[in-house]
Amino acid sequence: MDRIFSQYPDKKSATLSLLHLAQAHEGYISGSVIDTIADLVECHPAIVMDCVSFYSMFFTKPQGRHKIQVCQTLSCSVNGADALVDHVTNKFSIKPGETTDDKRFTLMKVECLGSCGTAPVVQINNDYHEGLTNERFNELLESLP
Amino acid sequence: MNAFKPVLTEHIHQKDCHTLPFYKSVGGYKALEKVLAMQPDAVIQEVKESNLRGRGGAGFSTGVKWGFIPKDSDQPKYLINNADESEPGTFKDRLLMNKTPHQMLEGMIIASYAINCNTAFIYIRGEFYKEYQLLKETLAEAYQANLLGQGIFGSDYNLDVVIHRGAGAYICGEETGLIESLEGKRGWPRIKPPFPAIEGYLHCPTVVNNVETLACLPHIINHGADWFKSIGSEKGPGPRLFCVSGTVNNPGVFEEPMGISLKELIFDRAGGIPENKQLKAVFPGGSSSAILTAEEALDVKMDFEDLVEKKSMLGSAGVIVMDETVDMVQACLNIARFYAHESCGQCTPCREGTAWLVKMLTRIVNGQGKPDDIDMLYEITDNIGGRIDFSKGSFGKTICPFGEAVAWPVRSFVEKFEDEFRSYIQQLEAVA
């Protein structure tokens, strides 16, 4: 954490980095994390909450172990992204935004991941999986604990 | 266009091309050595003369942008490398970061030196985690070799580079939204003026440059402004990374001189359309550009001027190809949904307008459209984007150009494929 603060000329600039750090540890951003970060960067908790609600990568509730984020923007859409979403929905009985009962998967539709040349693309947690076919996607899902 | 040799991507297929030893083996950091012996003003002058125009989307002159930084200010100056690549259809900066991160870093050091900056940032989009990890290694290599830190290359110039991760927000690619985000706030664009060069990060003079723009700099310094100007189109020269995706056989990033024909890009470089289907429409410069019909697309050069003449723009050079099987109303809805999701919510015309576009287009796609919906779509796009005339530098009714970025493509879909929209609506009338 000291390393994070030492990089910036002021404390508030560390906000997003601290939120990333907290989420990497806890899987989501809890109310107490928001209070702690607000104390650390010396601002009102509402300002930190403002960030949490604005940025799509921060979650205020626990998610599944594997966040399956299917890009749905145009280049992925015309290359079969909808079929990938349907595949997860049929296989695990979860719709976009839902988590399996065993907390293994959360399915999400996301906007452009910036990898249109290898559409369709799915990001699972931190990793990109590019140029997916239904078969490869299925194997990938099976391989995740 | 005879024998263009790639400049930025020359070595990307070679083993270990991302490492410092490799980059040095192909002449890396020679330009930096040269720059450190020059006066900062001379560096700015050279880049101005090269007529390098920003590769992020707006196409503003890089040297002129640097020139706005006040010389007499004793505030710290900041350089921010905009690596928040998020314009749909654009995936070139990610390639540069993965394959030649030192090229980009050398460009950053050159730019920082030119504007007298001692702390620079890489604002990388949050989803690019692998690239973030890789860039941390790149910086570590550079510090180790004294390419960053105190007394770079034995000079008295000091520079630290910090990587900062975004967290999922398209609007943070807009430079003032990016600055707000870096300051630890939601990425709401600022009213301009003041421009960042006068009042940017922490109210200090700030330059924001795109990854590809920065990657051009070592080459301009090594080979000179005249060499750069000799490549491609006169009014916006240089090599350019064109991204081609959508319904093509061989999607990817293709480095070509500015001004290559769109036809050549689609049918030669990207291998044409699968199963020899017909071309229907193309986004020439990311999803914020107005779409071109097949006829227009086959007759356009990919440079700043020719695309403006066709009432579109080069933008981020992200080409999205749509063949005859792509439904124009659904494609329009897809893009409108993207913008509705990404609208930052600050300006009412954009926040409300994008939501209404999605509602109306969804209704039309579901066969519930009404006869006057077409006129209403025009009205909403006018209300978000105003009557756009880029040649006069005019902006619409919102703080940032996001308003135009949604109004333009949506309007172009309706204008150019009105029949398809009407056929959805007429289905309903026929049933009724």
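This report walks through a predicted model of two protein chains, A and B, from the overall build of chain A to selected places in chain B.

**Chain A and its meeting with chain B**

Let us start with chain A. Its secondary structure comes to seven helices and four strands, and from the N terminus on the elements run α-α-α-α-β-α-α-β-β-β-α. The C-alpha trace of chain A spans about 50 × 35 × 25 Å along its principal axes. Of its 145 residues, 52% count as buried. If you look at contacts in chain A with a separation of 6 or more, residues 24 or more positions apart account for 58% of them.

Now to the place where the chains meet. On the chain A side 36 residues are in contact with chain B, and on the chain B side 51 residues take part. The size of an interface is often given as the accessible area lost when the parts come together. Here, the area buried between chain A and chain B is about 3500 Å², and carbon and sulfur atoms give 56% of it. Within chain A, the residues that lose the most area to chain B are A:Phe54, A:Leu74 and A:Glu111, which together make up 19% of what that side buries.

One residue worth a visit at this meeting place is A:Ser13, found in the loop between α1 (2-7) and α2 (15-26) of chain A. A:Ser13 has a relative accessible area of 0%, so it counts as buried. Its side chain reaches across to the backbone oxygen of B:Leu182 at 3.3 Å. Leaving aside neighbours within four places in sequence, the residues in contact with A:Ser13 include A:Tyr8 from its own chain, along with B:His164, B:Glu183 and B:Tyr201.

**The four-stranded sheet of chain B**

Chain B holds an open sheet of four strands in the order β3-β2-β1-β4, with parallel pairing. β3 (160-165) and β4 (206-210) stand at the edges with a single partner strand each, so one side of each is left without a neighbour in the sheet. On average, neighbouring strands of this sheet are turned by 20 degrees against each other, direction ignored. Strand β1 (residues 78-83) and strand β2 (residues 119-124) run parallel and are joined by six bridges. Within this pairing, B:Asn81 has B:Ile122 in β2(B) as its bridge partner. Helix α9(B) packs on the sheet, where it touches β1 and β4 of chain B, and its direction makes about 90 degrees with that of β4(B).

**Helices of chain B**

In helix α3 (residues 40-50) of chain B, the buried residues are B:Val43, B:Ile44, B:Val47 and B:Ser50. These residues cover an arc of only 125 degrees around the axis, which means that they lie on the same side of α3(B). They pack against several helices of chain B, among them α2 (30-36), α6 (101-114) and α9 (211-223).

Helix α4 of chain B carries B:Lys65. The side chain of B:Lys65 reaches the backbone oxygen of B:Val208 at 2.7 Å. Not counting residues up to four places away in sequence, B:Lys65 also touches others, including B:Phe60, B:Glu175 and B:Asn209.

B:Ser112 sits in helix α6 of chain B. With a relative accessible area of 0%, B:Ser112 is buried. Beyond the residues up to four places away in sequence, B:Ser112 touches B:Leu79, B:Cys117, B:Ala120, B:Tyr157 and B:Leu159. B:Thr213 is 101 residues apart from B:Ser112 along the chain, and their C-alpha atoms are separated by 13 Å.

**Backbone details to look out for**

Some backbone angles in chain B deserve a second look, and the table gathers them.

| Place | Feature | Angle |
|---|---|---|
| B:Lys192 and B:Pro193 | cis peptide bond | omega about -5 degrees |
| B:Pro193 and B:Pro194 | cis peptide bond | omega about 5 degrees |
| B:Asn51 | positive phi | about 60 degrees |
| B:Asn116 | positive phi | about 60 degrees |
| B:Lys311 | positive phi | near 60 degrees |

B:Pro193 belongs to the loop between α8 (175-182) and β4 of chain B, and B:Pro194 lies in the loop between α8 and β4 as well. B:Asn51 comes just after α3(B). B:Asn116 is in the loop between α6 and β2 of chain B, and at 48% relative accessibility it counts as partly exposed. B:Lys311 lies in the loop between α13 (304-309) and β9 (318-323) of chain B. With a relative accessible area of 67%, B:Lys311 is exposed.

Note on methods
Residues numbered from 1 in each chain as written. Chains lettered and ligands numbered in written order. Predicted model: local features only at pLDDT ≥ 70, side-chain atom pairs only at ≥ 80, totals over all residues. Heavy atoms only, no water. Helix = DSSP H or I, 4+ residues; strand = E, 2+ residues; numbered from the N terminus. Buried < 20%, exposed > 50% of the residue type's maximum accessible area, 1.4 Å probe, protein only. Polar contact = N/O pair within 3.5 Å; in protein donor to acceptor, adjacent residues only side chain to side chain. Contact = heavy atoms within 4.5 Å. Arc of directions from axis to C-beta. Pairing = 2+ DSSP bridges. Axes fitted to C-alpha atoms, helices over the stretch in contact; angles between N-to-C directions. Buried area = accessible area lost by both parts, 1.4 Å probe.
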